[in-house]
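Dear colleague,

Please find below the structure that I am handing over to you, together with its sequence. My findings follow directly after it.

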Amino acid sequence: MKKELRIMEFLLQHADNHTVSFHMPGHKGSAIYKRFGYDEFLEKFMDCDITEIPGADNLFQAEGIIKAVQDKYRELYDVSHSYLLINGTSGGIIASILAAVPAGGQLVMARNCHKSVFNALTLGGIRPVYAYPQLIPEYGISGEITCKEIEKCLAENPEASAVILPSPNYYGVCSDIAAIAEVVHRYGKVLIVDQAHGAHLKFFEEDMPVSAEDAGADIVINSIHKTLASFTQSAVLNLNSNRVDRYVLDDKLQAIQSTSPSYLLMASLDINASILELHGSTLMKEWAENLDYFYSEAAKICAMDDSTHSQKPNLEFLTGLKNFDRSKINIDSGGLSMTAAQLEEALIKRGIVPELTTGNILMLMTGIGNTREDYDRLLSALKQIIRERRQQLGSSSPSPSAQKGASHTDSVLMSRAQVPLSPTPKKTQLFAIPKKWKRIPLIEAEGKICASSIIPYPPGIPLVCPGEMLDKDTIAYIKALRDAGEKVIGVNENGEVAVGFDE
Ligand SMILES: Cc1ncc(COP(=O)(O)O)c(C=O)c1O
């Protein structure tokens, strides 16, 4: 019988496996700390796990060593104030929204926001106005949120106090934050950017979208842990203007974060800041060179000789997206008649672990800690997979099921723009969030109002939110995800969802 692994055993086994990480966190293991001489911290890890003893400062009134690290980030990002976060970008997002939007107020938000934004709505009784991202039809993933879309939402909803959107999104597509900031500020509102996936943008020297800090957003929240060198759950919130009162923000941050902030997380933010300060330009140059190397070698692999096929079955690397953070390696697996989940399985078999799969798109998240060897191992695995698939396919062409833009959470999300939001002509209001609810089988839920979010994970973007109507196409998509073994939070083990009911 298989031994049941506990968390520690799982982690130790994972560490011993030495898989190549193209998933979060960005440090990719201890090598980067050892390279820059932080071994002692790793050795004394447990003894460094303290609480607010004398001299240790206090996260919620930083005046000593924590303030010094916050000041380091303020300088690194060139903003007016930086906060260390120990509840991830999620905590920073919730606090920022509660600081910028009064209870019961209105928020213009991208519909593809992370679930933390939706949680802030519930906590603040805040009404959303959805801004829809553009769909990139060839791949079925969401693209930028245009300045025009934001302006339309603001013009139609003068009561809204703030705007929030993710940039980059999960796939690395950024929006034009400078143009959006200009519009948002012209309307006298606050712009919050969820830069969870782009903490590194500020430090890349060329060929990358500009950071939201440099583009003029008022509040920017960065998951340092996702792409840079701090531990999971650590993040930094940058305040970049005085449009939001700093003391209100302080208050909301202490309200929603743990009262026992981990010094290990904060120390890892300290180490990350020092690494950036002392070695940032070397590391960013190495990262950029590794990416250039990877993309050019990947193109050669795709062009490999193949006498069997007139049109070679191939992987496609999504490098031509507009305003794209190329540190996310997106691969369309459809050309090899594989789903992204099958490609992921083939990579994992070869010791490479990606971040995300949906439909035919597999995303590999690179980070500051990836080495040239990691990229070489990935290239070698991809080469083997392409060769093997071509042989398996013989002379046949890729199957129709592997078409571009195949069924994908983002395209379903965007199609939900057509689903009625409100029973009243005032379209910006959702149906009331049901106070009375029950669980019914998903397949019987058409036309019912959702009472508890339904969230395919990853990417963690609610597909159906409380107060939204469940329609036939969305139900069919959720069912297909579950049939394919994907995780969908909000549908229980019996295939039931929570919906409102009238007595
Ligand atoms: C777009 C986006 N925003 C925010 C978050 C939350 O970040 P954190 O994990 O640092 O709380 C995530 C997490 O994956 C995300 O994908």
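Asparagine 370 is located in the loop that joins β15 (361-365) to α14 (372-393). Please bear in mind that the model is a predicted one. The relative accessibility of asparagine 370 is 7%, and because the limit for a buried residue is under 20%, asparagine 370 counts as buried. Its side chain makes two polar contacts with backbone atoms: one reaches the oxygen of serine 21 at 3.1 Å, and the other reaches the nitrogen of glycine 367 at 2.9 Å. When neighbours within four places in sequence are left aside, the residues in contact with asparagine 370 are Ser21, Phe22, Lys28, Asn290, Met365 and Tyr375. Serine 21 therefore appears both in this list of contacts and as the partner, through its backbone oxygen, of the asparagine 370 side chain.

I turn next to the ligand. Which residues surround the ligand? They are Gly88, Thr89, Ser90, Ile93, His114, Tyr170, Asp194, Ala196, His197, Ser223, His225 and Lys226. Among them, serine 90 has a side-chain N or O atom 2.5 Å from an oxygen atom of the ligand. Aspartate 194 likewise places an N or O atom of its side chain 2.5 Å from the ligand, in this case from a nitrogen atom. Lysine 226 contributes a polar side-chain atom that lies 2.9 Å from a ligand oxygen. Of the 380 Å² that the ligand exposes when taken alone, the protein buries 88%.

The final topic is the sheet. Seven strands form an open sheet with mixed pairing, in the order β2-β10-β9-β8-β7-β3-β4. The edges are occupied by β2 (81-85) and β4 (127-131); each has a single partner strand, so one side of each is left without a neighbour in the sheet. From one strand to the next, the twist averages 20°. At the β4 edge, the partner is β3 (residues 106-110), and these two strands pair in the parallel sense over five bridges. Within this pair, glutamine 106 stands opposite arginine 127 of β4. Towards the β2 edge, helix α11 (residues 246-256) lies across β2 and β10 (235-239). The helix runs at about 0° to β2.

With kind regards

Conventions
Residues are numbered from 1 along each chain as its sequence is written. This is a predicted model: local features need pLDDT of at least 70, side-chain atom pairs count only at pLDDT 80 or more; totals for chains, interfaces and linings use all residues. Side-chain values use heavy atoms; hydrogens and water are left out. Two strands pair if DSSP finds at least two bridges between them. Helices (H or I, at least four residues) and strands (E, at least two) are DSSP runs, numbered from the N terminus. Axes are lines fitted to C-alpha atoms, for helices over the stretch in contact, and angles run from 0 to 180 degrees between N-to-C directions. Contact means heavy atoms within 4.5 Å. A residue is near a molecule or strand if one of its heavy atoms lies within 4 Å of it. A polar contact is a pair of N or O atoms within 3.5 Å; within protein, one must be able to donate a hydrogen and the other to accept it, and residues adjacent in sequence count only if both atoms are side-chain atoms. Accessible areas come from the Shrake-Rupley method with a 1.4 Å probe; for residues, only the protein chains shown count as cover. Buried means under 20% relative accessible area, exposed over 50%, partly exposed in between (1.4 Å probe, protein chains only).
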